[in-house]
Amino acid sequence: MYLTIIFQVCKMLYQLFWFLATCCAFLVNALWLCCNFASVGIPWLMLLFFLVCIASKFVKLKSPEDELVMSMLSKNDKMAHGNEPLYWPIVNRGGAFDAPENSLAAISQCLTQKCRNILLDLSITDDGKAIIFHKSTLEKANINEPVGRLSSKYFDNFNITEHHPLGPLFQPEKVLTFEKLSKLLETSEFTAFLLASQISTNLLDIVREAAKKSPVFTKRVIFCCTSPAAVYQLRRECPELVCALWLEKCSFMKIPAFLNTSSILSSIVGAIYRNIVAPVVGVSFVFIHKDEFNAQISTLWKNVGVRPIVYTINSPNEKRYFQQITKTLYVTDSLRSEPQLIFKQSNRK
């Protein structure tokens, strides 16, 4: 009986040994196969990358002149103590926390506080009319339909102040149209960053026609979107139009931590955008999420002639960091948390 048990245990150990040996052999073969593929594939990938870089030189669009770009930005004020420039923000939707978003009242508040860089949302209706509107305004009104499925007549009677938390403090106001904004730019000195969340042929045609007809448009408007192809189409016919790329937060961050590849993949994507995409389409600005921004990323973008803009910064301490340390433009939802405004108010008291 004992001999039988000993024999079975030895047999099990023998089978376990061969199973582990088989697994090790499989891993070694798999590693050897990967190394062979890498040794064969990497040179071809490098060659492909080299050819792409050469081809990009032939289709590359020239970026707008730096003087034009700088003239569109608000002039940097000097701090009360010291010679460091004070970097004013780009106000998202005119200050969505301070006033109804994308409204004339919000734009007026920004101009009153001498902030002349305003990020507005550009959308298009079902019947092809461009408006300054964002889907979040519809969500506040409990409307689940996207802007592209609603006609322009629907927005003729839409009160954008009604569903804002501070709406009672403002007069009722209709949705701002693209035509009204173009006329406003001719009389008011501010730079509008127009962010198109959804790209369509009609929307690009509207922007293209406005850029060709109005010389003020190209001096007051910076077109922003997530699509490099859309920017390339616009700038190919309107090379004087200043454009920006909006980089969404990298989806690779959702990969499980144990894979530990998110930083590698995001670095590869960032390198492709910096060294190939941005120079080819000729963008002047790039919007980067604050979680994916650092001083090294800023330097890399500046080395290719593109100014980075960080979004979305609402904390006074964060704003002071970007103003004084990194000296980087940023997007904010409120001007009430601006350090320079807080300090001015405290000094008045």
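Buried means under 20% relative accessible area, and exposed means over 50%. Keep those two cut-offs handy for the exercises below, which all use a predicted model.

**Exercise 1. Work out whether Ala-230 is buried or exposed, and find what it touches.**

Start with the location: Ala-230 sits in helix H9, which runs over residues 228-237. Next, look at its relative accessible area, which is 3%. That value is under 20%, so Ala-230 counts as buried.

Now for the company it keeps. Skip the neighbours within four places in sequence, and Ala-230 is in contact with Ile-199, Leu-204 and Cys-225. Take Ile-199: it is 31 residues away from Ala-230 along the chain, yet their C-alpha atoms are separated by 7.3 Å.

**Exercise 2. Check the length of helix H7 (residues 201-213), then find how its buried residues are arranged.**

Begin with the length. H7 has 13 residues, and at 1.5 Å a residue they should span 18 Å. The end C-alpha atoms of H7 are 18 Å apart, so expectation and model agree.

Then pick out the buried residues of H7: Leu-203, Leu-204, Val-207, Arg-208, Ala-210 and Ala-211. They cover an arc of only 165° around the axis, which means they lie on the same side of H7. Here's the general idea behind that: an α-helix has 3.6 residues a turn, so residues three or four places apart point the same way.

Finally, turn to the other side of H7, where Thr-201 and Lys-213 are exposed.

**Exercise 3. Asn-102 and Lys-114 both have a positive phi; decide for each whether it is buried or exposed.**

Take Asn-102 to begin with. Its phi is about 60°, although it is not a glycine. Asn-102 is in the loop between strand E3 (90-92) and helix H3 (104-112). Its relative accessibility is 2%, so Asn-102 counts as buried.

Now Lys-114, another residue other than glycine, with phi near 60°. Its loop lies between H3 and strand E4 (117-124). With a relative accessible area of 61%, which is over 50%, Lys-114 is exposed.

**Exercise 4. Find which residues a cis peptide bond joins, and place Thr-312.**

The bond joins Tyr-311 and Thr-312, with omega about -20°. Thr-312 belongs to the loop between strand E11 (307-311) and helix H12 (316-325).

**Exercise 5. Say what the chain looks like over residues 12-32.**

First, the record: an unreviewed UniProt entry annotates residues 12-32 and 38-59 as "transmembrane region". In the model, residues 12-32 are 100% helix and 0% strand. The end C-alpha atoms of that stretch are 30 Å apart.

How values were computed: Residues are numbered from 1 along each chain as its sequence is written. This is a predicted model: local features need pLDDT of at least 70, side-chain atom pairs count only at pLDDT 80 or more; totals for chains, interfaces and linings use all residues. Side-chain values use heavy atoms; hydrogens and water are left out. Helices (H or I, at least four residues) and strands (E, at least two) are DSSP runs, numbered from the N terminus. Buried means under 20% relative accessible area, exposed over 50%, partly exposed in between (1.4 Å probe, protein chains only). Contact means heavy atoms within 4.5 Å. The expected span of a helix is 1.5 Å times one less than its number of residues. The arc is that of the directions from the helix axis to the C-beta atoms. UniProt positions are given in the numbering used here, feature names are shortened, and annotations may be inferred rather than shown by experiment.
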